[in-house]
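Visitor: I would like a close look at a single part of this model, followed by whatever surrounds it. Please keep the account plain.

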Amino acid sequence: MESRTIFQLGPDSKRVYSILQKNGPLTKNDLMEMLRTNFTNINRIMEPLEIERLIAESGIGESSGGRKPVLYDLNRNRFYLAGIDISRPYTKLIIANPKMEVLYKNSFTMDETCAPKKTVEIVASLFRKGLRQLKIDKESFLGVGLGTVGPLDRANGIMSRPKNFAASGWAGAPIKNLLEEALELPLVIDNGANTAILAEYYFGAGKGYHNLAYFYCSTGIRTGAISDGSIVRTIHDAEDAFGHMVINVDGELCSCGNYGCIDCYSSIYAIVHKYTAALKQGCPTAIMKPIASINYMDICQAAERDDTLAKEILVNAATIFGAGLANYINLLNPGMVILSGPLISHSEIYYQIASQTAARRLYDQDANEIIFSKSGRFGDDAIALGAAVIVVEKHL
Ligand SMILES: [Zn+2]
């Protein structure tokens with residue numbers, strides 16, 4: 001499906017748009033310096049952006065002597081973007097403006113009834129609700145982005161072999177077609193760790209870092225990396241490779257068929273499985289719920305309330321994750337590591353132990369001074385917001 005809002009812009013105009021999106025408002029002088037160009041050229045470059053009403057005057061800047069200069073910024077109301085995050089614990093929809101300000105968001109828990117078709121139906125109903133609330137229509141959208149669970153067949157918009165969704169039907173799901181039909185808008189797709197790291201890199205905690213690593217600790221551990229300013233891509237758009245790093249050669253059997261992967265110990269899936277297995281063996285618990293309905297949030301809360309079993313499992317999970325993190329940091333040497341996802345937002349123990357273990361285990365601690373960011377700037381919105389970012393990257 002093609003975008004109905006097509007802008008015909010040259011590469012320099014696109015570059016100015018991108019600079020203003022990330023750094024605006026700016027004066028013409030600022031832009032001339034950044035593009036190393038002259039006044040005639042900057043006017044020529046900005047003209048199509050003004051004709052398309054993509055940028056507008058947004059106020060008056062500081063004078064360095066003489067007349068105060070006009071500031072330019074994106075026209076926030078020119079179009080809208082929708083970003084969707086289909087993850088295993090939840091699905092989220094946001095509507096944002098071109099400055100990536102969130103105007104609307106809504107989400108729902110993914111249970112065993114949430115197969116692809118039903119999930120898409122709920123997303124479409126949340127989208128309609130958002131349109132009504134904001135009093136806008138879908139004609140004003142540039143497009144929709146989706147960040148979801150890899151590995152992906154990105155060219156065809158198909159989810160290849162995602163593991164551990166509560167409902168069946170996700171392997172091979174033609175998610176791009178399903179969402180385009182339901183929303184009647186063109187869709188761009190990438191794995192969620194990539195969309196999240198892009199949101200943080202351009203607009204959030206990772207701004208200014210050209211080497212950045214992003215870990216989304218959820219049902220599995222999902223990883224995105226930016227190296228020297230470019231996103232690191234793999235052949236199958238997998239985002240789960242880190243989670244299947246072998247950390248214990250004689251370890252437990254993993255869902256991937258290998259033994260001793262990080263995901264066997266440090267993922268939500270592993271934590272819930274270990275906790276409920278111990279309860280079935282008769283371990284005492286502080287959680288007043290039937291075993292089958294215990295989720296990771298219950299376990300995170302119980303650990304903070306001194307439930308010994310919950311604490312032990314989370315500390316062990318975070319220690320193993322932290323050791324894996326140290327290996328990764330030694331290899332890629334990022335300036336900042338963002339730890340995010342539901343496990344990080346729900347468990348201070350998990351975040352603290354993982355980041356401290358990683359920092360202690362680096363092979364050259366002086367050379368590898370790492371800055372950790374807890375949840376980045378966007379927290380659990382990063383995947384959905386980053387999905388909106390890739391729409392702009394594609395169309396502008
Ligand atoms: Zn594995």
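How many of the residues of strand 4 (residues 80–86) are buried?

Guide: The model is a predicted one. In strand 4, seven of its seven residues are buried, so the strand is mostly covered. The covering applies to both faces. On one side the buried residues are Tyr80, Ala82, Ile84 and Ile86, and on the other they are Leu81, Gly83 and Asp85. In a regular strand, side chains alternate between the two faces of the sheet.

Strand 4 has pairing partners as well. With strand 7 (residues 141–148) it runs parallel, and seven bridges join the two. Within that pairing, tyrosine 80 stands opposite phenylalanine 141 of strand 7. With strand 5 (residues 90–96) the pairing is antiparallel and extends over six bridges. Here isoleucine 84 has leucine 93 of strand 5 as its bridge partner. The connection from strand 4 to strand 5 is a hairpin through three residues.

Strand 7 leads on to some backbone details. Lysine 135 is located in the loop between helix 4 (116–134) and strand 7. Its phi is near 55°, a positive value in a residue other than glycine. Lysine 135 is exposed, at 77% relative accessibility. In the loop between strand 7 and strand 8 (152–153) lies proline 151. The peptide bond between glycine 150 and proline 151 is cis, with omega about -5°.

A separate sheet can be described in the same way. It is open, has three strands in the order 1-3-2, and its pairing is antiparallel. Strand 1 (26–27) and strand 2 (55–60) are the edge strands; each has a single partner strand, so one side of each has no neighbour in the sheet. Strand 1 and strand 3 (residues 70–74) run antiparallel and are joined by two bridges. Threonine 27 has leucine 71 in strand 3 as its bridge partner. Helix 1 (residues 11–23) lies across strand 1, strand 2 and strand 3, and runs at about 95° to strand 3.

The loop between helix 1 and strand 1 contains proline 25. Glycine 24 and proline 25 are joined by a cis peptide bond, with omega about 0°. Further along, arginine 36 sits in the loop between helix 2 (28–35) and helix 3 (39–51). Arginine 36 is not a glycine, yet its phi is positive at about 50°. With a relative accessible area of 79%, arginine 36 is exposed.

The model also contains a zinc ion, coordinated by His244 through ND1 and by Cys254, Cys256 and Cys261 through SG, at 2.0 to 2.3 Å. The spacing of these donor residues in sequence is H-x9-C-x1-C-x4-C. The angles subtended by the four donor atoms are 103 to 120°, so the arrangement is tetrahedral. For four tetrahedral donors the ideal angle is 109.5 degrees. Cysteine 254 is buried, with a relative accessible area of 8%, and cysteine 261 is buried at 0% relative accessibility.

Isoleucine 262 lies in the loop between strand 13 (230–231) and helix 7. Isoleucine 262 counts as buried because its relative accessibility is 0%, and the cut-off for buried is under 20%. Leaving aside neighbours within four places in sequence, its contacts are Ile221, Phe242, Gly243, Met245, Ile247, Ser267, Phe321 and Gly324. Isoleucine 262 and alanine 323 are 61 residues apart along the chain, with their C-alpha atoms separated by 9.3 Å.

Helix 8 (residues 268–280) has 13 residues. From its first C-alpha to its last it reaches 18 Å, close to the 18 Å expected at 1.5 Å a residue. Its buried residues are Ile268, Ala270, Ile271, Val272, Lys274, Tyr275, Thr276, Ala278 and Leu279. Among the elements that cover these residues are helix 7 (263–266), helix 9 (296–304), helix 10 (308–332), helix 11 (342–346) and helix 12 (348–361). Alanine 277 is also in helix 8, but it counts as partly exposed at 32% relative accessibility. Alanine 277 and isoleucine 291 are 14 residues apart in sequence and 9.1 Å apart in space, C-alpha to C-alpha. Glycine 282 follows helix 8 and has a positive phi, near 105°.

Notes. Residues are numbered from 1 along each chain as its sequence is written. This is a predicted model: local features need pLDDT of at least 70, side-chain atom pairs count only at pLDDT 80 or more; totals for chains, interfaces and linings use all residues. Side-chain values use heavy atoms; hydrogens and water are left out. Two strands pair if DSSP finds at least two bridges between them. Helices (H or I, at least four residues) and strands (E, at least two) are DSSP runs, numbered from the N terminus. Contact means heavy atoms within 4.5 Å. Axes are lines fitted to C-alpha atoms, for helices over the stretch in contact, and angles run from 0 to 180 degrees between N-to-C directions. Donors are N, O and S atoms within 2.8 Å of the metal (3.2 Å for Na, K and Ca); water is not among the atoms, so sites may look incomplete. Four donors count as tetrahedral if all angles lie between 85 and 135 degrees; four count as square planar and six as octahedral if opposite donors are over 155 degrees apart and all others between 65 and 115; anything else is irregular. Buried means under 20% relative accessible area, exposed over 50%, partly exposed in between (1.4 Å probe, protein chains only). The expected span of a helix is 1.5 Å times one less than its number of residues.
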